Amino acid sequence: MSYPASIQIDTPMRIARWRPIVQWILAIPHMLIIGIFTYLGFALGIISWFAILFTGRLPAKIADLQAMILRYGLRCNAYAGFLTDQYPPFAFDTVSDDPGGHSAAASFTPTVTGRNRVTVFFRIILMIPALAYAVIIGIIGAICSLLGFFAVLFTGRWPHGLRKLVVASLTVEIRLNAYTTFLTDEYPPFRTT
């Protein structure tokens with residue numbers, strides 16, 4: 001059974017050696033937008049929490065907007081981390097399934113109805129073990145990104161193992177974010193596949 005949040009990142013076999021030095025700079029406009037979206041996502045999370053507690057439903061438009069925010073962040077992080085050479089579009093499609101057309105894709109299957117109000121009420125407590133796991137995997141991913149920086153700088157390609165660990169850390173992050181933004185009640189698994 002697959003988790004209701006998934007990503008796919010298609011990294012090219014060869015990467016221009018200048019990309020690790022420049023690509024993160026080119027991503028700065030997107031990172032500013034992500035900063036704004038972070039506040040929007042937080043506000044939507046609070047609204048979602050109250051909506052689910054009182055109605056047992058997550059408004060579909062809020063779920064689609066949260067999915068767009070998470071997808072946009074993934075595309076920008078994949079580009080800034082030179083996992084892809086495709087510049088992220090300034091596209092804000094508020095849909096759960098990835099509309100395609102980009103080498104970094106994130107799809108979500110939000111649970112809109114039949115929500116578990118008890119787990120939503122205690123979500124901040126329930127997410128602590130998953131958050132601790134995500135922090136550990138995130139640190140490993142950051143170290144692998146740094147090593148990947150030098151590998152791509154000198155060889156022009158991502159070593160398969162390092163790339164796999166970085167993508168795994170992004171997968172864990174997306175799953176945790178889907179859980180904490182109330183897109184799903186399914187607890188994020190303690191695995192990276």
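Reader: What follows helix 3, and what is the sign of its phi?

Author: F82 follows helix 3, and its phi is positive, near 50°. Keep in mind that this is a predicted model.

Reader: How do you know whether the length of helix 3 agrees with its number of residues?

Author: Helix 3 covers residues 60-80, which is 21 residues. The expected span is 1.5 Å times one less than the number of residues. That gives 30 Å for helix 3. Its end C-alpha atoms are 30 Å apart, so the two values agree.

Reader: What makes you call helix 3 largely enclosed by the rest of the structure?

Author: Count its buried residues. A residue is buried when its relative accessible area is under 20%. In helix 3, 17 of the 21 residues are buried, so the helix is largely enclosed.

Reader: Why is S48 called buried?

Author: The cut-off is under 20% relative accessible area. S48 has 0%, so S48 is buried.

Reader: Where is S48, and which residues is it in contact with?

Author: S48 sits in helix 2, residues 28-55. Leaving aside neighbours within four places in sequence, S48 is in contact with L58, I62, T181 and F182.

Reader: And V152: why is it called buried?

Author: Apply the cut-off of under 20% again. V152 has a relative accessible area of 0%, so V152 is buried. V152 belongs to helix 6. Setting aside neighbours within four places in sequence, its contacts are I15, A16, R17, P20, F82, R157 and W158. F82 is the residue that follows helix 3.

Reader: How far from V152 is F54?

Author: Their C-alpha atoms are separated by 51 Å. Along the chain, V152 and F54 are 98 residues apart.

Reader: What makes a space count as a cavity, and how many are there of 30 Å³ or more?

Author: A 1.4 Å probe must fit inside but be unable to get out. By this rule there are two cavities of 30 Å³ or more. The largest cavity holds about 60 Å³, and the second largest about 50 Å³.

Reader: Which residues line the largest cavity, and how do they divide by class?

Author: Its lining is M68, R71, Y72, R75, A91, F92, D93 and P99. Five are nonpolar, none polar and three charged. Arg and Asp count as charged.

Reader: What lines the second largest cavity?

Author: A130, Y133, A134, V172, R175, L176, P188, P189 and F190 do. Helix 6 (128-155) and helix 7 (160-180) are the elements that each give two or more residues to this lining. By class, the lining has eight nonpolar, no polar and one charged.

Key. Residues are numbered from 1 along each chain as its sequence is written. This is a predicted model: local features need pLDDT of at least 70, side-chain atom pairs count only at pLDDT 80 or more; totals for chains, interfaces and linings use all residues. Side-chain values use heavy atoms; hydrogens and water are left out. Helices (H or I, at least four residues) and strands (E, at least two) are DSSP runs, numbered from the N terminus. Buried means under 20% relative accessible area, exposed over 50%, partly exposed in between (1.4 Å probe, protein chains only). Contact means heavy atoms within 4.5 Å. On a 1 Å grid over the protein atoms alone, a cavity is a set of points where a 1.4 Å probe fits but cannot get out, and a pocket is an open set with protein on both sides within 12 Å along at least five of seven lines; lining residues have an atom within 4 Å of a point. Grid points are joined across faces, edges and corners, and a volume is the space filled by probe spheres set on the points.
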